[in-house]
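Reader: I'm new to looking at protein models. Could you walk me through the empty spaces in one, and whatever sits in them?

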Amino acid sequence: MKTVLITGATSGFGKAMAQKFAANNNTIIITGRRADRLEALARELTAAYKVPVHSLVFDVRDRAAVFAVIEQLPPAFANIDVLINNAGLALGRDYFEDADIDDWDTMLDTNVKGVMYVTKAVVPGMIERKQGHIINMGSIAGKEVYEKGNGYCASKYALDALSQSMRVDLLRHKIKVTAIHPGAAETEFSMVRFKGNEAAAEKMYEGYQPLSAADVADVVFYTTTLPAHVCINELVLTCQAQANSFYLHR
Ligand SMILES: NC(=O)c1ccc[n+]([C@@H]2O[C@H](COP(=O)([O-])OP(=O)(O)OC[C@H]3O[C@@H](n4cnc5c(N)ncnc54)[C@H](OP(=O)(O)O)[C@@H]3O)[C@@H](O)[C@H]2O)c1
């Protein structure tokens, strides 16, 4: 039984990963800003899988809060084996000159600095125990830049660089770092990106079968099942209809 901390578990990939890891008999720490959703998920996981579940309500951008919640973890949850930095978002889909600067700040603060804060808080324990696995949720937007992707692409490119850098620096501590780069997946991602515009969000998934959150969770889970000496460094994952950021067959 491993202890797995998943950020952004109130919806989408994070929720599906919590379900997958719980179904496989792991101790789960779920995080997010929406306390009601975390409570509901904790109840669901405890009832269905009888595994220990702990919820942490915090914003990954809040540096003080990040360190406080990790420091105050109850002993039964304190030895984190797998950290999944999944919390993140895209905001807006505009040409560079039209994009909202506040949206850029939010994306960079969440997708890059949030990952740095959470990892910095968790990694000392991994170093002490000389083992650990950090999984960063990147995107194909961090592999190929697309039109009107400016701030989001910049954040996921930065995260890609950070994942590579972490892998190098943490090598001597026997900590694995895996970057997962999904393509189009149907979650609340597009509703958030298009700020509640349902029609625009639905249009993203029209005419093909996108990845589901469960598809992504299965792949992430697989990367944690390998022998100690085997590490998937990075993995690009799309639905069959998508070849890369540009080619989507509808
Ligand atoms: N869906 C896609 O097509 C796709 C493709 C490639 C990569 N990704 C990446 O996959 C990750 C998960 O996205 P998703 O598709 O599952 O989207 P989602 O359904 O919108 O879930 C995003 C999660 O991130 C959390 N989150 C956002 N901002 C946060 C903050 N400041 N502090 C704490 N938690 C925060 C949200 O929780 P709260 O709102 O409760 O805080 C939510 O649980 C993101 O990093 C995204 O960039 C998504």
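Author: Sure, and here is one thing to have ready before we start. When we sort lining residues, Ala, Val, Leu, Ile, Met, Phe, Trp, Tyr, Cys and Pro count as nonpolar, Asp, Glu, Lys and Arg count as charged, and the others, Gly among them, count as polar. Also keep in mind that this is a predicted model.

Reader: Okay! How many charged residues are there in the lining of the second largest cavity?

Author: Let's list the lining: Thr7, Val60, Asn85, Asn86, Ala87, Thr110, Gly114, Val115 and Val118. Asp, Glu, Lys and Arg are what count as charged. The lining divides into 4 nonpolar and 5 polar residues, so the number of charged ones is none.

Reader: Which element gives the most to the lining of that second largest cavity?

Author: The space in there is about 30 Å³. Thr110, Gly114, Val115 and Val118 are among its lining residues, and α5 runs over 101–129. With 4 residues, the element that gives the most is α5.

Reader: And what is the volume of the largest cavity?

Author: There are 2 cavities of 30 Å³ or more. For the largest cavity, the volume comes to about 70 Å³.

Reader: Which residues lining the largest cavity are the closest to its centre?

Author: The lining has 5 nonpolar, 4 polar and 6 charged residues. Both α5 and α6 give two or more residues to it. Of the 15 lining residues, the closest to the centre are Leu91, Gly92, Arg93, Met107 and Asn150.

Reader: Now the open spaces. Which element supplies the largest share of the lining of the largest pocket?

Author: That pocket holds about 1,200 Å³ of space, and its 50 lining residues divide into 22 nonpolar, 18 polar and 10 charged. At least two residues each come from α1, β2, α5, α6 and α7. With 4 residues, the largest share comes from α7.

Reader: What about the second largest pocket: which element gives the largest share there?

Author: This pocket has a volume of about 400 Å³. Gly132, His133, Lys174, Lys176 and Ala228 lie nearest its centre, out of 19 lining residues. Both β5 and β6 supply at least two residues, and the largest share, 3 residues, comes from β6.

Reader: There's a ligand too. How much of its accessible area does the protein cover?

Author: Start with who is around the ligand: 30 residues surround it, and the closest are Thr10, Ser11, Arg33, Tyr152 and Thr187. A polar side-chain atom of Ser11 sits 2.4 Å from a ligand oxygen, and a backbone N or O atom of Asn86 is 2.9 Å from an oxygen of the ligand. Lys156 has a side-chain N or O atom 3.0 Å from a ligand oxygen. Of the 880 Å² of accessible area that the ligand has on its own, the protein covers 96%.

Reader: Last one. Is Lys130 buried, partly exposed or exposed?

Author: Lys130 is in the loop between α5 and β5, and its phi is near 55 degrees, a positive value in a residue other than glycine. Buried means under 20% relative accessible area and exposed means over 50%. Because its relative accessibility is 46%, Lys130 counts as partly exposed.

Reader: And Lys148: buried, partly exposed or exposed?

Author: You'll find Lys148 in the loop between β5 and α6. Phi is near 65 degrees here, a positive value in a residue other than glycine. Relative accessibility is 30%, so Lys148 counts as partly exposed.

How values were computed
Residues numbered from 1 in each chain as written. Predicted model: local features only at pLDDT ≥ 70, side-chain atom pairs only at ≥ 80, totals over all residues. Heavy atoms only, no water. Buried < 20%, exposed > 50% of the residue type's maximum accessible area, 1.4 Å probe, protein only. 1 Å grid on protein atoms, 1.4 Å probe; cavity = no way out; pocket = protein on both sides within 12 Å on 5 of 7 lines; lining within 4 Å. Points joined across faces, edges and corners; volume = space filled by probe spheres on them. Near = heavy atom within 4 Å. Polar contact = N/O pair within 3.5 Å; in protein donor to acceptor, adjacent residues only side chain to side chain. Areas by Shrake-Rupley, 256 points an atom, 1.4 Å probe, with all protein chains shown as cover.
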